[in-house]
Amino acid sequence: MDSGRSLRTGVLASAERYPNAPAVVVRGQTIPYATLELRARVLASAIVRALGRPATRVGVFAARSEVAYVGTLGALCSGAAFVPLNPRLPIERTRSMARRAELDAIIVDRDTTPLLDAVAGDVKVLIHGDHPGEHEPLSDLPSVGPDDLAYLLFTSGTTGEPKGVGITHANVLHYLDVMGARYGLTPDDRCSQTFDQTFDLSVHDLFLTWNAGASLHAMAPIEMMAPARFVNAHGLTTWFSVPSAAVLARDRIPAGSMPTLRWSLFCGEPLTNDTAERWQAAAPNSVVENLYGPTELTIACFAYRWHGVAPESVNGVVPIGQPLHGSTPKIVDEELWVGGPQTAPGYWHDAKQTHEKFVDGYYRTGDRVIEYPSGVYSYLGRVDHQLKILGFRVEPAEIEGVLRQQPGVTGAVAIGYPIAQAQALGVVAFVTGTIESPDALRRLAASLLPAYMVPSKILALDQFPLNANGKVDRAELLRLAAADETRDPIPA
Amino acid sequence: MPTRLSSVVANALRVDPAVLNDTLEFNSIPEWDSVNHVALILSLEETYGLTISDDQIVTLTRYGAIREFIEAHTAPVRALVS
């Protein structure tokens with residue numbers, strides 16, 4: 001029995017209708033819907049009994065394992081918002097997220113069990129997702145309201161540490177309703193799962209698939225190098241990834257190599273015309289769509305259907321298209337603001353940043369856009385220095401904050417470098433102060449930041465170059481990074 | 001003294017050859033990310049004149065596996081030449 005509609009409702013309905021159908025295929029194991037539901041209810045039971053009440057927030061410390069999927073539904077069944085934690089992130093960062101999320105419980109898998117002590121802090125209830133003990137599956141699930149949080153994610157922050165974004169059940173149900181109607185998935189569909197669960201686009205993967213009774217096919221990171229192999233081995237009908245995945249695999253997706261796909265979706269960073277064209281040729285029976293939306297606007301709030309290079313294309317990039325049903329955009333000094341039912345209530349425990357970014361029911365995206373008379377919007381760039389690296393959102397200020405806290409460092413500036421197809425592939429940092437070993441500084445940064453935020457190189461300067469306005473000249477820093485590269489050639 | 005293979009791998013991953021050992025694997029250090037992995041595969045193909053298939057690329061996730069793969073795929077060529 002489940003009262004009121006929430007994020008778990010669609011999955012539980014699919015489990016009732018299609019108990020024996022595959023819900024998840026991960027690491028060679030297939031989890032049928034009935035098992036997904038049973039294991040989730042057992043986890044929920046373990047959590048609720050240990051707490052003596054429904055949970056509010058539950059960490060799922062697992063990646064691309066059975067527990068990562070069962071645990072997410074288990075957290076929702078315990079009445080909680082799920083908070084994904086990723087073993088691939090530095091442990092200190094994960095501990096900080098767990099503490100700030102004020103978790104009631106953490107669910108771990110075999111891989112993360114050894115890391116639990118380092119992450120748990122004050123969290124009292126620790127559940128082993130692979131063997132939670134003998135518990136009757138929870139039959140009466142705690143009620144959940146539309147304004148309760150469904151999930152809480154952390155994204156790169158400008159203040160030197162990650163910031164939490166809480167998304168309500170009403171936010172995410174609206175998204176799933178709109179996209180469910182748009183894509184019309186059925187139990188016969190087989191969908192990719194490429195995104196880490198700390199990335200909100202994974203919520204599209206899990207719940208759009210499960211709402212339809214379709215099957216979700218988890219890819220190991222290395223399998224992303226050869227997408228056609230995976231698509232064909234699993235007979236996938238739906239692909240969803242960051243465009244970088246297609247860029248990296250560009251030489252391994254010959255024309256016609258992925259005939260089973262009927263939907264090819266990209267989101268998380270600009271999709272170039274070249275990449276869209278190449279993917280369309282490789283998956284000729286699919287409709288290619290470019291989705292757009294920051295975490296604060298619940299997964300995606302714009303979409304554009306590819307029909308060849310659009311007249312509205314800017315800088316060789318596919319337009320972000322038109323707002324999805326319900327999302328209400330406006331442009332203020334070139335910046336895109338979006339309101340509507342998918343706009344998050346604000347940042348987690350951060351009234352100041354909430355006040356700055358959420359204004360009169362709109363979220364200020366920081367993205368510069370243009371709206372054409374056709375109603376199509378195109379992305380122009382950022383109003384600030386935020387980067388997207390392989391689809392991951394990176395605030396240079398967060399990297400700079402970490403570097404500035406290290407002994408001897410008086411100033412730090414991080415820039416995206418190198419740039420390929422209008423996208424940063426990595427980060428290079430410049431520091432001032434008394435720096436004994438830039439390499440040691442880099443190793444220190446690697447222990448505190450996710451791999452995609454660690455500067456590939458840290459260069460010490462006497463002082464930062466300034467532009468005519470007296471601000472740090474980032475264009476000059478880009479030239480310095482390139483010049484350093486030519487001094488340090490990769491041997492043939 | 002770095003071997004030819006360790007130089008190729010270290011250059012592609014932009015690390016010191018000294019950090020390479022048979023158990024080092026994809027995603028275990030910041031430098032061995034997907035961008036550098038693509039550079040590594042291209043570099044191996046060019047250096048050794050190989051075509052690495054999709055089935056092979058997903059198995060080449062450890063330095064030890066790469067070393068064994070290169071040894072297995074280059075030895076017969078040497079034998080033919082000699």
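What share of the 82 residues in chain B is buried? The answer is 28%, with a residue counted as buried when 20 or more other C-beta atoms lie within 10 Å of its own. Keep in mind as you look around that this is a predicted model.

Let's stay with chain B for a moment. Its secondary structure is quick to describe: four helices and zero strands, so reading along the sequence simply gives you α-α-α-α. If you take the contacts in chain B with a separation of 6 or more, 51% of them link residues 24 or more positions apart.

Chain B also touches chain A. The contact draws on 20 residues from chain A and 15 residues from chain B. On the chain A side, the residues facing chain B break down into 14 nonpolar, two polar and four charged.

Now over to chain A, and to an open sheet of three strands. Their order is 23-26-27, and the pairing is mixed. Strand 23 (409-416) and strand 27 (457-460) stand at the edges; each has a single partner strand, so one side of each is left without a neighbour in the sheet. From one strand to the next, the twist averages 25°. As for what holds such an arrangement together, strands of a sheet pair through backbone hydrogen bonds, either parallel or antiparallel.

Zoom in on strand 26 of chain A, residues 427-433: its pairing with strand 27 of chain A is parallel and runs over four bridges. If you want a specific pair to click on, try A:Phe430, whose bridge partner in strand 27 is A:Leu459.

Helices lie across this sheet, too. Helix 12 of chain A (residues 396-404) lies across strand 23 and strand 26, running at about 150° to strand 23. Helix 13 of chain A (residues 438-448) lies across strand 26 and strand 27, and its angle to strand 27 is about 135°.

Elsewhere in the chain A numbering, have a look at strand 14 of chain A, residues 302-305. It pairs with strand 13 of chain A (residues 287-292) in the antiparallel sense, over four bridges. Strand 14 is also joined by two bridges to strand 15 of chain A (residues 322-323), and these two run antiparallel as well. A handy residue for tracing both pairings is A:Phe302 in strand 14: A:Tyr292 stands opposite A:Phe302, and A:Phe302 in turn stands opposite A:Pro323 in strand 15.

Methods: Residues numbered from 1 in each chain as written. Chains lettered and ligands numbered in written order. Predicted model: local features only at pLDDT ≥ 70, side-chain atom pairs only at ≥ 80, totals over all residues. Buried ≥ 20, exposed ≤ 12 C-beta atoms within 10 Å, placed from the backbone. Contact = placed C-beta atoms within 7 Å. Nonpolar A, V, L, I, M, F, W, Y, C, P; charged D, E, K, R; others polar. Pairing = 2+ DSSP bridges. Axes fitted to C-alpha atoms, helices over the stretch in contact; angles between N-to-C directions.
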